Amino acid sequence: MKVMNRKTFSLVTGAIFSVIAVLHLLRAVLGWNAVIGSFTIPMWLSWVALVVTVYLAYTAFKLAK
């Protein structure tokens, strides 16, 4: 079994967080609803999640260098 090295892991992690950040941005800008069961996720939570995921993606790409 081949194991990922640190650079590859950081790049994959950064890419995943980037995709999640784009989805949060699209939800916030386009006004998409997010519902879990009967609970509607507030829009402000997507803005907070956007900031967090952008930071995590930036950090992952920075670690890949």
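Contact here means heavy atoms within 4.5 Å. The model shown in these views is predicted.

**View 1. Ser 46 of helix 2 and its contacts.** Ser 46 touches His 24, Arg 27 and Ala 28, with residues up to four places away in sequence left out of the count. The residue belongs to helix 2. Because its relative accessibility is 4%, and buried means under 20%, Ser 46 counts as buried. Two of the residues named here, Arg 27 and Ala 28, are listed among the buried residues of helix 1.

**View 2. Helix 2 along its length.** Helix 2 comprises residues 43-64. At 1.5 Å a residue, its 22 residues should span 32 Å, and the end C-alpha atoms are 32 Å apart, which agrees. The buried residues of this helix are Ser 46, Ala 49, Leu 50, Thr 53, Ala 57, Ala 60 and Ala 64. These residues cover an arc of only 115° around the axis, which puts them on the same side of helix 2. An α-helix has 3.6 residues a turn, so residues three or four places apart point the same way. The face of helix 2 turned away from the buried side carries exposed residues, namely Trp 44, Val 51, Tyr 55, Tyr 58, Lys 62 and Leu 63.

**View 3. Helix 1 and its buried residues.** Helix 1 spans residues 6-30. For its 25 residues, a rise of 1.5 Å a residue predicts a span of 36 Å; the end C-alpha atoms are 36 Å apart, which agrees. Ser 10, Gly 14, Ala 21, Arg 27 and Ala 28 are the buried residues of this helix. Helix 2 is included in what covers them.

**View 4. The crossing of helix 1 and helix 2.** Two packed helices are described by the angle between their axes and the distance between the axes. The axes of helix 1 and helix 2 come within 8 Å and cross at roughly 160°. Angles over 145 degrees count as roughly antiparallel, and helix 1 and helix 2 are therefore roughly antiparallel to each other. Their crossing is left-handed. Helix 1 is included in what covers the buried residues of helix 2.

**View 5. Ala 57 of helix 2 and its contacts with Gly 14, Phe 17 and Ser 18.** Ala 57 lies in helix 2 and counts as buried, because its relative accessibility is 5%. Leaving aside neighbours within four places in sequence, Ala 57 is in contact with Gly 14, Phe 17 and Ser 18. The C-alpha atoms of Ala 57 and Ser 18 are separated by 5.6 Å, although these residues are 39 residues apart along the chain. Gly 14 is one of the buried residues of helix 1.

**View 6. Ala 60 of helix 2 and Ser 10 of helix 1.** Ala 60 is part of helix 2, and at 7% relative accessibility this residue counts as buried. Apart from residues up to four places away in sequence, Ala 60 touches Ser 10, Thr 13 and Gly 14. Between Ala 60 and Thr 13, which are 47 residues apart along the chain, the C-alpha atoms are separated by 6.3 Å. Ser 10 lies in helix 1 and, with a relative accessibility of 6%, counts as buried. With the same sequence neighbours excluded, Ser 10 touches Ala 60, Leu 63 and Ala 64. Of these, Leu 63 is among the exposed residues on the face of helix 2 turned away from its buried side, whereas Ala 64 is among the buried residues of helix 2.

Methods: Residues numbered from 1 in each chain as written. Predicted model: local features only at pLDDT ≥ 70, side-chain atom pairs only at ≥ 80, totals over all residues. Heavy atoms only, no water. Helix = DSSP H or I, 4+ residues; strand = E, 2+ residues; numbered from the N terminus. Expected span 1.5 Å × (residues − 1). Buried < 20%, exposed > 50% of the residue type's maximum accessible area, 1.4 Å probe, protein only. Arc of directions from axis to C-beta. Axes fitted to C-alpha atoms, helices over the stretch in contact; angles between N-to-C directions. Parallel < 35°, antiparallel > 145°, perpendicular 65-115°, else oblique. Left-handed = near helix turned anticlockwise from the far one by under 90°.
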